[in-house]
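Ready to practise reading a protein structure? Work through the exercises below with the model open beside you, and try each task before you look at its solution.

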Amino acid sequence: MALLSARDIHKKYDDTEVLKGIDLDIEQSEVVALIGASGSGKTTFLRCINLLEEYHQGRIELEGESIGYTASGRRRKLGERQISAQRAKIGMVFQSFNLFPHMTAEANVMLGLTKVRGMSNAEAADRARHWLDRVGLADRRRHYPYQLSGGQQQRVAIARAVAMEPRLMLFDEVTSALDPELVAEVLAVMQDLARSGMTMVVVSHEMLFVRDVATRVVFMDGGLVAQSGTPDEVLHNPQTERLRSFLGRFHGIFGPV
Amino acid sequence: MDPDCSTFFCQAWTARWSLLEGLMVTISSSIMTIVIGTVLGFVVGLILTYGMLPLRLLARLYVDVMRGIPVLVLILFTYYGLAILKIGVKPYWAGVIALSLFCVSHVAENVRGAVQSIPQGQHEAGMAIGMRFFQRLRWIILPQAVRRALPPWVNTALEIVKGTTLLSVIGVVELLLASQQAIARNYMILQFYMAATIVYIIINFSIAQAAAALERRYAYLRY
Amino acid sequence: MIAYNFNWAVIWRNWDAFLGALALGLGLAVVSLVIGTIIGLFLAYARLSPSPWISRPAWAYVEFIRNTPLLLLIFFVYFGLPEIGIYNLDKIQSFILTLSGYAAAYMCEVFRAGLASMPRAYGEAAKAIGLRPWQRQRHVVLPVMFRITLPAVSNNLISLFKDTSLAAAIAVPELTFTARQINANTYRVIECWLTASALYLVTAYAIAIALRQVEKRYAVVR
Ligand SMILES: Nc1ncnc2c1ncn2[C@@H]1O[C@H](COP(=O)(O)OP(=O)(O)O)[C@@H](O)[C@H]1O
Ligand SMILES: [Mg+2]
């Protein structure tokens with residue numbers, strides 16, 4: 001059974017349908033790269049998985065458990081308690097970091113551990129230290145977000161998410177807001193996570209990273225999955241003109257991926 | 001007037017206890033009002049932001065009405081109104097109630113503005129690690145909002161301190177009325193009004209200084 | 001709940017008195033705003049002056065006014081002026097003097113912020129077309145600054161209007177004073193103060209809505 005399975009997800013903003021029936025299965029330890037032009041619905045899809053957006057049709061299951069809505073009978077949104085518990089199993093990292101500015105790096109990581117996981121402070125501090133170490137910020141534990149560079153902030157955000165030991169991690173263009181010289185350090189952390197067996201869905205325009213790290217690439221177009229396959233298949237054998245022209249934009253910059 | 005006591009300082013010394021008492025009334029009514037107004041204003045502010053629709057509209061109506069009526073009218077209304085309804089409260093309390101009604105509306109609006117100025121991403125980051133609404137409010141939103149609400153809150157507090165002078169109109173002997181009573185005895189109009197002015201300026205500057213010190217401590221609150 | 005029988009006849013009988021008093025308050029606010037705006041403008045330039053001999057006194061004046069209760073200022077001027085030999089101000093003039101001086105301090109802060117936020121380019125462009133410094137202020141800087149600060153000016157007018165209630169303390173027959181008198185004569189406490197409150201409220205919002213229209217008309221496109 002797939003770790004995550006999304007079936008026929010439809011999402012409307014007012015009257016415009018931005019997701020038009022997404023089907024996607026993600027297996028344990030897969031690293032799925034979501035690529036596609038801006039506005040194709042990548043962010044919206046990730047937000048639906050994490051229940052940050054409601055969707056009016058379709059079903060998402062995590063390890064066989066229906067996420068966000070009742071599994072059978074009339075389609076109803078689950079209660080806040082259940083939804084929160086489900087969100088805790090799915091980590092998400094945002095383009096704009098969204099660190100808590102009134103807390104140190106360590107406190108940012110500890111908050112969910114103590115308030116959601118119910119850990120003691122000592123336990124949580126231990127785990128925070130472990131993960132900040134892992135993302136290379138052992139010496140920045142006591143720093144506030146404004147004292148950190150963008151790359152460091154994003155690494156804290158990743159530590160904050162993975163410290164919760166989620167079953168699945170969602171990354172939404174996490175390097176897009178960074179200065180070019182800070183991108184590599186964040187990608188390195190993500191690569192390290194991928195190697196350790198974390199299941200990940202990554203929206204990214206870093207095609208070299210996608211080619212080297214993803215186990216599967218999914219091309220989204222107009223709110224639908226247009227092509228899906230290994231990096232080799234998708235990046236080197238685009239089946240549609242749209243994908244060809246999308247990929248073409250990256251050639252000039254990096255050479256053919 | 002006693003010819004042996006014709007200087008301002010001698011007269012002020014003679015009136016020292018009543019002046020001091022007036023000052024205490026000014027300070028205590030200010031503190032009372034600010035405490036009541038802040039606590040209730042905080043709640044009303046949260047209702048303005050997150051309350052269910054009918055409750056929110058009610059809070060909005062309250063705030064907008066209070067902000068459109070002069071404080072002096074609120075004070076007189078409360079004072080005479082409570083009296084005619086045979087609710088026996090001292091003028092001091094009628095005044096504190098009226099000032100609090102005013103204070104609540106201002107604090108509520110400040111709190112709403114501060115809470116709504118926290119980026120949506122903060123809520124979402126809390127959601128993403130599985131925090132529930134009240135947990136997010138308690139640990140993420142309010143700690144930041146409180147710091148943002150501090151500067152307007154200080155302005156409100158200064159307004160309240162100045163507003164306590166209006167209690168003199170319903171016979172509460174606070175600093176202004178105590179000064180006027182002294183003036184009635186010695187006709188040292190300029191001196192006593194000047195002295196009272198200086199006291200108010202000292203109180204207000206102290207509050208402003210304390211707030212500025214607090215704000216400096218919150219330098220880390222940037223995005 | 002305590003029984004209270006409403007009797008609105010008293011209010012209708014005194015309706016003209018209410019409206020007249022309201023008009024007086026509104027007039028006091030407008031006059032004070034106009035005078036306060038003129039003085040406030042000079043104060044704002046003074047505060048921005050590079051010379052401390054000019055900027056410091058302006059700063060001191062503004063801080064003095066903003067930290068002193070208005071009621072104290074009203075008494076200070078009303079009872080204090082005769083002490084220094086100025087006898088010929090009646091209570092309305094004395095109140096206007098106080099409220100204007102009070103408004104000037106607040107308007108100074110508004111204009112100071114407005115001048116500070118003026119895009120530099122305006123001044124530079126004016127210089128480029130050869131306007132003299134005074135002409136630059138008169139024809140370029142001030143018109144733009146007034147438009148930028150219009151919302152803050154409206155807020156100040158509403159505040160000043162509400163502040164005219166304090167004139168009651170020196171027996172200026174504006175709305176609060178009138179309401180209090182009718183209250184004392186008739187004992188229709190709730191009707192009386194409800195009416196006064198409603199009149200203040202409606203007028204304050206009417207001013208707000210009217211000035212919003214003006215703001216829209218003169219909005220600065222930036
Ligand atoms: N809050 C919103 N309200 C209305 N439309 C939205 C909203 N968010 C996104 N959209 C629209 O949904 C579409 C998909 O957006 P998004 O998921 O952000 O795409 P991507 O992440 O692939 O760039 C876009 O056309 C966008 O304009
Ligand atoms: Mg996006």
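## Getting oriented

Chain A and chain C do not touch, and their nearest C-alpha atoms are 26 Å apart; contact here means heavy atoms within 4.5 Å. Residues are numbered from 1 along each chain as its sequence is written, while chains are lettered from A and ligands numbered from 1 in the order in which they are written. This is a predicted model, where local features need pLDDT of at least 70, side-chain atom pairs count only at pLDDT 80 or more, and totals for chains, interfaces and linings use all residues; side-chain values use heavy atoms, with hydrogens and water left out.

## Exercise 1: Chain C as a whole

Task: Describe the secondary structure and overall dimensions of chain C.

Solution:
- Step 1. Start with the elements: chain C has nine helices and zero strands. Helices (H or I, at least four residues) and strands (E, at least two) are DSSP runs, numbered from the N terminus.
- Step 2. Read along the sequence to find the pattern α-α-α-α-α-α-α-α-α.
- Step 3. Place a box along the principal axes: the C-alpha atoms of chain C fill roughly 70 × 45 × 30 Å.
- Step 4. Look at burial: 49% of the 222 residues of chain C count as buried. Buried means under 20% relative accessible area, exposed over 50%, and partly exposed in between (1.4 Å probe, protein chains only).
- Step 5. Finish with contacts: among those in chain C between residues at least 6 apart in sequence, 80% join residues at least 24 apart.

## Exercise 2: Which chains meet?

Task: Find which of the two touching pairs of chains has the most contacts, then examine B:Q180.

Solution:
- Step 1. The pair with the most contacts is chains B and C.
- Step 2. Locate B:Q180 in helix α8 (residues 175-186) of chain B.
- Step 3. Not counting residues up to four places away in sequence, B:Q180 touches B:Y193 and C:F75.
- Step 4. B:Q180 has 19% relative accessibility, so it counts as buried.

## Exercise 3: Helix α3 of chain C

Task: Compare the span of helix α3 of chain C with the expected value, and say what its buried residues pack against.

Solution:
- Step 1. The expected span of a helix is 1.5 Å times one less than its number of residues.
- Step 2. Helix α3 (residues 52-67) of chain C has 16 residues, so it should span 22 Å; its end C-alpha atoms are 21 Å apart, which agrees.
- Step 3. Pick out the buried residues of α3(C): C:S55, C:A58, C:V62, C:E63, C:I65 and C:N67.
- Step 4. These buried residues pack against α7 (133-163) and α9 (189-217) of chain B, together with α2 (15-47), α4 (70-80) and α5 (91-116) of chain C.
- Step 5. At the N-terminal end, C:S51 caps α3(C), with a side-chain oxygen 3.1 Å from the backbone nitrogen of C:W53.

## Exercise 4: The surroundings of ligand 1

Task: Which residues surround ligand 1, and where are its polar contacts?

Solution:
- Step 1. List the shell, using residues with a heavy atom within 4 Å: A:Y13, A:V18, A:A37, A:S38, A:G39, A:S40, A:G41, A:K42, A:T43 and A:T44.
- Step 2. Sort the shell: three residues are nonpolar, six polar and one charged. Ala, Val, Leu, Ile, Met, Phe, Trp, Tyr, Cys and Pro count as nonpolar, Asp, Glu, Lys and Arg as charged, and the others, Gly among them, as polar.
- Step 3. Helix α1 (residues 42-49) of chain A gives the most to this shell, with three residues.
- Step 4. Look for polar contacts (here, pairs of N or O atoms within 3.5 Å). An oxygen atom of ligand 1 is 2.8 Å from an N or O atom in the side chain of A:K42, and a polar side-chain atom of A:T44 lies 2.5 Å from a ligand oxygen.
- Step 5. Ligand 1 exposes 560 Å² when taken alone, and the protein buries 58% of that. Such areas come from the Shrake-Rupley method with a 1.4 Å probe; for residues, only the protein chains shown count as cover.

## Exercise 5: Positive phi angles

Task: Is A:E173 buried or exposed, and what about C:Y187?

Solution:
- Step 1. Most residues other than glycine have a negative phi.
- Step 2. A:E173 is not a glycine, yet has a positive phi of about 45°. A:E173 sits in the loop between β7 (168-172) and α6 (180-195) of chain A.
- Step 3. With a relative accessible area of 16%, A:E173 is buried.
- Step 4. C:Y187, also not a glycine, has a positive phi of about 60° and lies in the loop between α8 and α9 of chain C.
- Step 5. C:Y187 is exposed, because its relative accessible area is 55%.

Note on methods:
A polar contact is a pair of N or O atoms within 3.5 Å; within protein, one must be able to donate a hydrogen and the other to accept it, and residues adjacent in sequence count only if both atoms are side-chain atoms.
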